[in-house]
Amino acid sequence: MSLSSVQAELLQPMQTADVEAVLGIEQRAYEFPWTRGNFVDSLAAGYAAQVLRAEDGQLLGYFLAMEGVGELHLLNITVAPEFQGQGHARRMLDALQTLARRLACEQIWLEVRQSNARARAIYLRYGFTEVGQRRAYYPAAQGQREDAVLMSLRLDAAAHGEGAA
């Protein structure tokens with residue numbers, strides 16, 4: 001993807017019409033993807049949901065988040081596997097942080113698979129801290145369960161995250 005395409009990226013509210021394309025990315029990106037129902041229900045519940053598109057309209061990624069009292073909980077953030085490593089996750093995290101500040105949230109929370117070292121590193125570079133663990137949170141192979149790492153970003157201290165690598 002060229003630099004001009006990166007500059008022309010567009011974040012838009014996710015619509016029901018986007019669910020098929022989002023589901024396609026979800027299924028390529030994860031061994032245990034969200035279902036169509038998860039996305040439809042999240043949209044129906046009014047959760048913050050954005051899609052990131054390239055200049056040509058191609059879907060690059062998406063995120064969904066749920067507002068709570070003084071906090072925003074990131075439920076899902078995904079970049080299409082073929083577009084990973086190009087800064088798209090950072091772009092969406094920036095948008096998420098902007099949304100959280102607009103909603104006067106003090107923190108952003110998320111869970112990430114303990115085995116997902118790449119995502120954990122992205123979150124840590126962004127300024128999130130690992131604050132706990134949720135045992136047997138995620139489904140895993142052969143009927144097993146995998147722990148989640150609970151991470152938090154305090155927005156009053158997040159200014160350094162906006163400019164970090």
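These are my notebook entries on what I looked up in this predicted model.

**Ground rules.** I number residues from 1 along each chain as its sequence is written, and I keep in mind that in this predicted model local features need pLDDT of at least 70, side-chain atom pairs count only at pLDDT 80 or more, and totals for chains, interfaces and linings use all residues. Side-chain values use heavy atoms, with hydrogens and water left out.

**Overview.** I looked up the elements and found six helices and seven strands in the protein chain, where helices (H or I, at least four residues) and strands (E, at least two) are DSSP runs numbered from the N terminus. From the N terminus on, I read their order as α-β-α-α-β-β-β-α-β-α-β-β-α. I noted that buried residues make up 42% of the 165 residues, with buried meaning under 20% relative accessible area, exposed over 50% and partly exposed in between (1.4 Å probe, protein chains only). Taking contact to mean heavy atoms within 4.5 Å, I found that 61% of the contacts between residues at least 6 apart in sequence join residues at least 24 apart.

**The sheet.** I traced an open sheet of seven strands in the order 1-2-3-4-5-7-6, with mixed pairing; two strands pair if DSSP finds at least two bridges between them. At the edges I found strand 1 (10-13) and strand 6 (129-139), each of which pairs on one side only. I reminded myself that strands of a sheet pair through backbone hydrogen bonds, either parallel or antiparallel. Looking further in, I saw that strand 4 (residues 71-79) and strand 5 (residues 107-113) run parallel and are joined by four bridges, and that L72 stands opposite I108 in strand 5.

**Helix 2.** Which strands does helix 2 lie across? I found that helix 2 (residues 19-29) lies across strand 2 (48-53), strand 3 (59-68) and strand 4, at about 95 degrees to strand 3; here axes are lines fitted to C-alpha atoms, for helices over the stretch in contact, and angles run from 0 to 180 degrees between N-to-C directions. I listed its buried residues as V19, V22, L23, I25 and E26. Seen down the axis of helix 2, these fall within an arc of 160 degrees, so they line one face of the helix; the arc is that of the directions from the helix axis to the C-beta atoms. What covers them includes helix 3, strand 2, strand 3 and strand 4.

**Aromatic rings.** I counted five aromatic pairs, using the rule that rings of Phe, Tyr and Trp (its six-membered ring) pair if their centres lie within 6.5 Å, with planes under 30 degrees apart counted as stacked, over 60 as edge-to-face and the rest as tilted. The ring centres of W34 and F39 are 5.0 Å apart and their planes stand at 50 degrees, so I entered this pair as tilted. F39 also pairs with Y62, edge-to-face, at 5.8 Å centre to centre and 85 degrees between the planes. This second pair links distant parts of the chain, since F39 is in helix 3 (residues 36-44) and Y62 is in strand 3, 23 residues apart. Ring pairs thus link W34, F39 and Y62 into a cluster. I entered F39 as buried because its relative accessibility is 0%, and Y62 likewise counts as buried at 0%.

**A loop residue.** Is E31 buried or exposed? E31 lies in the loop between helix 2 and helix 3, and at 64% relative accessibility I entered E31 as exposed. I also found the C-alpha atoms of E31 and A140 separated by 8.4 Å, although these residues are 109 apart along the chain.
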